[in-house]
Amino acid sequence: MKTENALELCNVTKKYKDFTLKNLSLRLPQGCVMGLIGENGAGKSTTIKAVTGAVRADEGSISVLGCDVGSGEFQKVKEDVGVVMDEACFPDVLCPRQVNKVMKQIYKNWEENVFFSYLKKFKLPEEKAFKEFSRGMKMKLSIAAALSHRPKLLILDEATSGLDPIVRDEILDVFNEFTRDECHSILISSHIVSDLEKICDYIAFIHEGKLLFCEEKDVLLEEYGLLSIGTKDFEAIDPDAVLSYRNTGYGVEAIVRRSMIPESFHVERAGIEAVMVAMAKEVRS
């Protein structure tokens with residue numbers, strides 16, 4: 001059983017003028033994939049910026065691969081962290097072959113052969129200028145670069161957003177291949193919850209700057225379900241079992257806690273997105 005954590009956040013708080021990420025605590029076990037979900041402005045990008053050291057937390061502690069983000073040693077640890085943000089950040093005039101030359105000067109562990117193998121795998125032209133790339137090509141180049149310096153942890157902020165389903169599926173396969181090594185871990189935020197359901201071991205839901213849950217994906221899918229039921233039968237259900245519901249005109253559809261529903265009722269699988277929306281509604285009510 002793995003006991004080491006690739007990432008640990010303890011009571012992390014970051015205050016802005018109109019937003020606060022408050023007392024965020026979570027752990028990403030080594031060898032696992034954690035998905036960050038939440039609406040726009042919930043605090044996902046702030047969390048990732050704090051983890052990468054792009055912003056400094058006002059309170060709490062963050063450890064990446066066993067190293068405190070606020071320590072001087074973190075600069076060395078960054079060599080083992082691959083980062084892909086929602087916008088690729090290479091100079092427009094560079095082509096992938098030139099990107100390779102630049103990266104060789106930045107990362108001690110840069111593996112040229114790995115980089116060019118990803119260019120081939122992603123069908124990226126070596127001599128074409130970055131400014132002429134499509135969004136999908138830009139993200140593929142960023143991912144190729146992030147994977148080519150022997151990272152132990154990948155941090156991905158909306159790396160698959162805006163991409164077509166075929167490209168997204170191709171990239172998800174690469175992430176799955178990366179985590180076959182039990183020393184490799186991924187923290188990924190995405191609005192495309194179906195992508196996260198495919199690859200994640202853990203799901204963390206941030207809502208209005210607060211962590212509502214951080215749980216194993218399979219446990220979440222087992223704990224919550226979709227109940228379609230007649231109005232009279234619904235009135236007999238324990239209200240504490242219901243996260244949210246809507247009247248369909250033919251009855252009621254509800255996201256419920258399976259353990260609190262009588263076995264005589266059939267509860268279907270509810271996806272992570274449905275649970276997320278239901279919990280957000282529950283918080284507002």
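## Largest pocket, helix 3 and the nonpolar cores

The largest pocket encloses about 530 Å³ of space, a pocket being an open set of points on a 1 Å grid where a 1.4 Å probe fits, with protein on both sides within 12 Å along at least five of seven lines. This is a predicted model, in which local features need pLDDT of at least 70 and side-chain atom pairs count only at pLDDT 80 or more, whereas totals for linings use all residues. Residues are numbered from 1 along each chain, and side-chain values use heavy atoms, without hydrogens or water.

Of the 25 residues lining this pocket (an atom within 4 Å of a point), Val83, Val84, Phe90, Met103 and Tyr107 are the closest to its centre. Strand 6 (81–84), helix 3 (96–106) and helix 5 each give two or more residues to the lining, whose make-up is tabulated here.

| Lining class | Residues |
|---|---|
| Nonpolar | 19 |
| Polar | 3 |
| Charged | 3 |

In helix 3, Pro96, Val99, Asn100 and Met103 are buried, that is, under 20% relative accessible area. Because these residues cover an arc of only 105° around the axis, they lie on the same side of helix 3; the face turned away carries Lys101 and Gln105, which are exposed (over 50%). The buried residues of helix 3 pack against helix 4 (112–121) and helix 5.

The largest nonpolar core (buried residues joined through side-chain atoms within 4.5 Å) has 56 residues, with Ile37, Phe115, Leu141, Phe175 and Ile188 making the most contacts inside it. Helix 5 (residues 135–146) gives the most to this core, with 7 residues.

Methods: Buried means under 20% relative accessible area, exposed over 50%, partly exposed in between (1.4 Å probe, protein chains only). Helices (H or I, at least four residues) and strands (E, at least two) are DSSP runs, numbered from the N terminus. Grid points are joined across faces, edges and corners, and a volume is the space filled by probe spheres set on the points. Ala, Val, Leu, Ile, Met, Phe, Trp, Tyr, Cys and Pro count as nonpolar, Asp, Glu, Lys and Arg as charged, and the others, Gly among them, as polar. The arc is that of the directions from the helix axis to the C-beta atoms. Contact means heavy atoms within 4.5 Å.
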